[in-house]
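Me: I should like to learn how to read the features of a structural model in order. May we work through one together?

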Amino acid sequence: TVMVAAVSPARSNLDESLSTLRFAQTCKQITTKAARNQESTKSIVEALKAEIEELRAAVQARGLHRSEEMSNELKEQEALWKKLEQDQKILRDWEEQRQRALEDMGLSMEEI
């Protein structure tokens, strides 16, 4: 994590500069600890797919035509699955942009 503190050499901005420096000193004491999510997006996608298949199997096993309620639930599950896939793509794009930005600054993930 990086913080940039802008201070002014002008005497009229002395109070602002001192306040900024105090804030920067406080921020310097903050430590962050990265933690990896235990549940991967791949496992979430697999769980959603399995639930969709269970719903389909339940409808077929009972010999029922898709009732409106089950059909709506199935559509909701499929919409959630598609949204999750879109969110995954956005996250991958953000990660690539972050990597490029770090490389442009001459940094690597190991240095962070």
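Me: What should helix α3 (residues 68-104) span at 1.5 Å a residue, and how far apart are its end C-alpha atoms?

Reply: A word on the source comes first. This is a predicted model, in which local features need pLDDT of at least 70 and side-chain atom pairs count only at pLDDT 80 or more, while totals for chains, interfaces and linings use all residues. Residues are numbered from 1 along each chain as its sequence is written, and side-chain values use heavy atoms, with hydrogens and water left out. The expected span of a helix is 1.5 Å times one less than its number of residues. For the 37 residues of α3 this gives 54 Å, and the end C-alpha atoms lie 53 Å apart, which agrees.

Me: Which elements make up the protein, from the N terminus on?

Reply: Helices (H or I, at least four residues) and strands (E, at least two) are DSSP runs, numbered from the N terminus. Here the order is α-α-α, with 3 helices and 0 strands.

Me: Which residues of α3 are buried, and against what do they pack?

Reply: A residue is buried under 20% relative accessible area, exposed over 50%, and partly exposed in between (1.4 Å probe, protein chains only). In α3 the buried residues are Ser-71, Leu-74, Gln-77, Leu-84, Gln-88 and Leu-102. They pack against α2 (41-61), where contact means heavy atoms within 4.5 Å. Asp-87, also in helix α3, has a relative accessible area of 30% and is therefore partly exposed. Its C-alpha is 9.8 Å from that of Thr-41, although the two residues are 46 apart in sequence. After α3 comes Gly-106, with a positive phi near 80°.

Me: Why does Ser-17 count as buried?

Reply: Ser-17 counts as buried because its relative accessibility is 8%. This residue is found in helix α1 (residues 14-28). Leaving aside neighbours within four places in sequence, Ser-17 is in contact with Val-7 and Ser-8.

Me: How does the radius of gyration of the protein stand beside that of a compact globule of 112 residues?

Reply: The radius is taken over C-alpha atoms, and the globule rule is 2.2 Å times the number of residues to the power 0.38. A compact globule of 112 residues would have a value near 13 Å, but the protein has 25 Å. Along its principal axes, the C-alpha trace spans about 85 × 30 × 20 Å. Buried residues make up 12% of the 112 residues.
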